[in-house]
Amino acid sequence: MKNVFVMDHPLIQHKLSLIRDKNTGTKEFKELVREVSMLMAYEVTRNLPLEEIEIETPVCKTKAKVLAGRKLGIVPILRAGLGMVDGFLNLLPAAKVGHIGLYRDPETLEPVEYYCKLPTDIEERELIVVDPMLATGGSAKAAIKFIKDRGATNIKFVCLIAAPEGVEAVHREHPDVDIYAAAVDERLNDHAYIVPGLGDAGDRLFGTK
């Protein structure tokens, strides 16, 4: 699939299997989501630009490479996206964090924004939108649109598990947004749950039903 990057690193796949397991409790689930998010951050940031500087080691002066100062932002879709933020911040501590909250209007079935707080300079930042699940794509499409409406032009979407239907929906409306996933599963069921999936990510992260 175009613009979809599936991360098949053995560590990611091993930890994802534990995340899927229904017997994995809330504490371990949170830790695993954070760990997988951190591992995924390596691949998501693969193309960050570098610049060369001069430093002095204990032995001599030398040229060395550092990040070229590109501004980054992490934007979790509430609430489940919160579980992925710390993993990214472990590697990208200077990134700003925004938040976006959506709900589906019961009559129109359209996503409605109920909360959005983003860095003031998002037009200058590469934004990484995170949500563990990309199911129908409704929330992801809406979140990306709301962020674009505020001036963002450089956006990536990162999830643990995607359904083909969600990938297609996001690409149909936002072909410029790359999607990164640890797995693309078989399909959605009649209740819009990803099969085989991992259940409800928010409930499993926060111990709710």
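# Notebook: helices H2, H5 and the annotated site

**Overall fold.** I began with the contacts between residues at least 6 apart in sequence, and 63% of them join residues at least 24 apart. The model I am reading is a predicted one. I counted the secondary structure next and got six helices and 13 strands. The radius of gyration is 18 Å against the 17 Å that the globule rule gives for 209 residues, so I note the protein as being as compact as a globular protein of that length. Along the principal axes, the C-alpha trace spans about 65 × 40 × 30 Å. I also looked up burial for the whole protein: buried residues make up 45% of the 209.

**Helix H2.** I took helix H2, residues 26-44, and checked its length. Its 19 residues reach 26 Å from the first C-alpha to the last, close to the 27 Å expected at 1.5 Å a residue. Which residues of H2 are buried? I listed Phe29, Leu32, Val33, Val36, Ser37, Met40, Ala41 and Val44. I then asked what covers them, and the cover includes both helices and strands. The helices in it include H1 (10-20), H3 (82-91) and H6 (201-206). The strands include E8 (125-130), E10 (154-162) and E11 (178-184).

**Annotated binding site.** I turned to the UniProt record, an unreviewed entry, where the annotation "binding site" covers Ile194, Gly199, Asp200 and Ala201. I compared these residues with the lining of the largest pocket, which includes Ile194, Gly199, Asp200 and Ala201.

I looked at two of the annotated residues in turn. Gly199 sits in the loop between strand E13 (194-195) and H6. Its relative accessibility is 34%, so I entered Gly199 as partly exposed. Leaving out residues up to four places away in sequence, Gly199 touches Met133 and Tyr193.

Ala201 is in helix H6. Is Ala201 buried or exposed? I entered Ala201 as buried, because its relative accessible area is 5% and the cut-off for buried is under 20%. With the neighbours up to four places away in sequence again left out, Ala201 touches Phe29, Ala80, Pro132 and Met133. Met133 is thus on my contact list for Gly199 and on the one for Ala201. Phe29, a contact of Ala201, is one of the buried residues of H2.

**Helix H5 and Glu173.** I went on to helix H5, residues 164-173, which holds Glu173. The buried residues I found in H5 are Gly166, Val167, Ala169, Val170 and His171. Their cover includes strand E1 (4-6), strand E9 (133-134), helix H4 (138-149), E10 and E11. E10 and E11 also appear in the cover of H2.

Glu173 has 44% relative accessibility, so I put it down as partly exposed. I looked up one C-alpha separation here: Glu173 and Ala142 are 31 residues apart along the chain, and their C-alpha atoms are separated by 9.6 Å. Which residue has a side chain in polar contact with that of Glu173? It is Lys141, and the polar contact is 3.3 Å.

**Lys141.** I followed that contact to Lys141, which has its place in helix H4. At 18% relative accessibility Lys141 counts as buried, because the cut-off is under 20%. Setting aside residues up to four places away in sequence, I found that Lys141 touches Ala169, Val170, Glu173 and His174. Of these, Ala169 and Val170 are among the buried residues of H5.

Methods. Residues are numbered from 1 along each chain as its sequence is written. This is a predicted model: local features need pLDDT of at least 70, side-chain atom pairs count only at pLDDT 80 or more; totals for chains, interfaces and linings use all residues. Side-chain values use heavy atoms; hydrogens and water are left out. Helices (H or I, at least four residues) and strands (E, at least two) are DSSP runs, numbered from the N terminus. The expected span of a helix is 1.5 Å times one less than its number of residues. Buried means under 20% relative accessible area, exposed over 50%, partly exposed in between (1.4 Å probe, protein chains only). Contact means heavy atoms within 4.5 Å. UniProt positions are given in the numbering used here, feature names are shortened, and annotations may be inferred rather than shown by experiment. On a 1 Å grid over the protein atoms alone, a cavity is a set of points where a 1.4 Å probe fits but cannot get out, and a pocket is an open set with protein on both sides within 12 Å along at least five of seven lines; lining residues have an atom within 4 Å of a point. A polar contact is a pair of N or O atoms within 3.5 Å; within protein, one must be able to donate a hydrogen and the other to accept it, and residues adjacent in sequence count only if both atoms are side-chain atoms. The radius of gyration is taken over C-alpha atoms; the globule rule is 2.2 Å times the number of residues to the power 0.38.
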